[in-house]
Amino acid sequence: MSESNKAARNKELVVHGFTEFAAGNIDVLRTVLHEDFIEHSPGNPSGREAFIAFVAKAPVARARLDLKRVVADDEHVVMHYHMATDDDPRGVAVVDIWRLVDGQIVEHWDVVQPVPETARVPYGMF
């Protein structure tokens with residue numbers, strides 16, 4: 001399989017998982033995360049089941065997720081999105097980096113930044 005086909009397949013898998021998760025289907029994580037999933041974000045657990053239990057109780061599970069862009073190479077998919085809640089309508093800008101092997105996510109990194117008032121970001125966050 002060519003690298004571009006692999007990138008496209010990985011992108012499709014991650015976007016499908018994101019879309020399902022954003023719609024409230026937390027169980028989709030059982031199909032996209034590898035059993036030995038490694039989480040690189042401080043305070044978040046590694047391991048598929050531990051991570052799912054953690055994220056099910058985290059604010060992201062109840063937030064509105066608005067996907068802005070997706071970039072993929074042969075084994076990484078990078079997503080940039082806006083996460084907001086009723087309590088925090090400005091929300092945060094999130095960049096997730098997922099590494100995939102054989103059609104499953106094996107590692108995750110993220111960068112999260114609060115969205116400031118519009119006047120402080122004249123060109124927008126997204």
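Biologist: How many bridges join strand 4 to strand 5?
Modeller: This is a predicted model, and a good place to start is a pair of strands. Strand 4 covers residues 92-101, and strand 5 covers 104-114. The two run antiparallel, and the number of bridges that join them is 10.

Biologist: Which residue in the turn between strand 4 and strand 5 has a positive phi?
Modeller: Strand 4 and strand 5 form a hairpin, with 2 residues between them. One residue in that loop has a phi near 50°, a positive value in a residue other than glycine. The residue in question is D102.

Biologist: Is D102 buried or exposed?
Modeller: D102 lies in the loop between strand 4 and strand 5. To count as exposed, a residue needs a relative accessible area over 50%. D102 has 76% relative accessibility, so the word for D102 is exposed.

Biologist: What is the bridge partner of V95 in strand 5?
Modeller: V95 has its place in strand 4. Not counting residues up to four places away in sequence, V95 touches V78, M79, H80, W109, D110 and V111. One residue of that list is also the bridge partner of V95 in strand 5, namely V111.

Biologist: Is V95 buried, partly exposed or exposed?
Modeller: Partly exposed is the class between under 20%, which is buried, and over 50%, which is exposed. The relative accessible area of V95 is 26%, so V95 is partly exposed.

Biologist: In which sense do strand 1 and strand 5 pair?
Modeller: Strand 1 takes in residues 33-39 and pairs with strand 5 over 3 bridges. Within strand 5, I105 is the bridge partner of L33. The sense of this pairing is parallel.

Biologist: How many residues join strand 2 to strand 3 in their hairpin?
Modeller: Strand 2 spans residues 64-72 and strand 3 spans residues 76-84; they run antiparallel, joined by 8 bridges. One of the bridge pairs is V70 with M79 in strand 3. The number of residues through which the hairpin joins these strands is 3.

Biologist: Which residues touch the most other members of the largest nonpolar core?
Modeller: In soluble globular proteins, nonpolar side chains tend to be buried together. Here the largest nonpolar core has 25 residues, and those that touch the most other members are L33, L65, M79, M83 and I105.

Biologist: And which elements give two or more residues to this core?
Modeller: Helices and strands both appear in the list. The elements are helix 1, helix 2 (29-32), strand 1, helix 3, strand 2, strand 3 and strand 4.

Biologist: What is L65 in contact with, leaving aside its neighbours within four places in sequence?
Modeller: L65 is among the core residues that touch the most other members. With those sequence neighbours set aside, the contacts of L65 are F18, F21, A22, V60, Y81, H82 and M83.

Biologist: Why are the buried residues of helix 3 on the same side of that helix?
Modeller: Helix 3 is made of residues 48-57, and its buried residues are R48, F51, I52 and V55. These buried residues are on the same side of helix 3 because they cover an arc around the axis of only 100°.

Biologist: Is N10 buried or exposed?
Modeller: N10 is found in helix 1, residues 3-22. Beyond its neighbours within four places in sequence, N10 is in contact with D74, E75, V77 and L100. Its relative accessible area is 2%, and the cut-off for the lower class is under 20%, so N10 is buried.

Biologist: How far apart in space are D87 and V60, C-alpha to C-alpha?
Modeller: D87 has its place in the loop between strand 3 and strand 4. With a relative accessible area of 78%, D87 is exposed. D87 and V60 are 27 residues apart in sequence, and their separation in space is 13 Å.

Biologist: What separates the C-alpha atoms of Y123 and V60?
Modeller: Y123 is found in the segment after strand 5. At 81% relative accessibility, Y123 counts as exposed. Y123 and V60 are 63 residues apart along the chain, and their C-alpha atoms are separated by 26 Å.

Biologist: Which residue lies over the face of F126?
Modeller: For a charge to sit over a ring, it has to be within 6 Å of the ring centre. One residue lies over the face of F126 at 5.3 Å from the ring centre, and that residue is K68.

Conventions. Residues are numbered from 1 along each chain as its sequence is written. This is a predicted model: local features need pLDDT of at least 70, side-chain atom pairs count only at pLDDT 80 or more; totals for chains, interfaces and linings use all residues. Side-chain values use heavy atoms; hydrogens and water are left out. A charge sits over a ring if NZ of Lys or CZ of Arg is within 6 Å of the ring centre and within 35 degrees of the ring normal. Buried means under 20% relative accessible area, exposed over 50%, partly exposed in between (1.4 Å probe, protein chains only). Helices (H or I, at least four residues) and strands (E, at least two) are DSSP runs, numbered from the N terminus. The arc is that of the directions from the helix axis to the C-beta atoms. Contact means heavy atoms within 4.5 Å. Two strands pair if DSSP finds at least two bridges between them. A nonpolar core is a set of buried Ala, Val, Leu, Ile, Met, Phe, Trp, Tyr and Cys residues joined through side-chain atoms within 4.5 Å.
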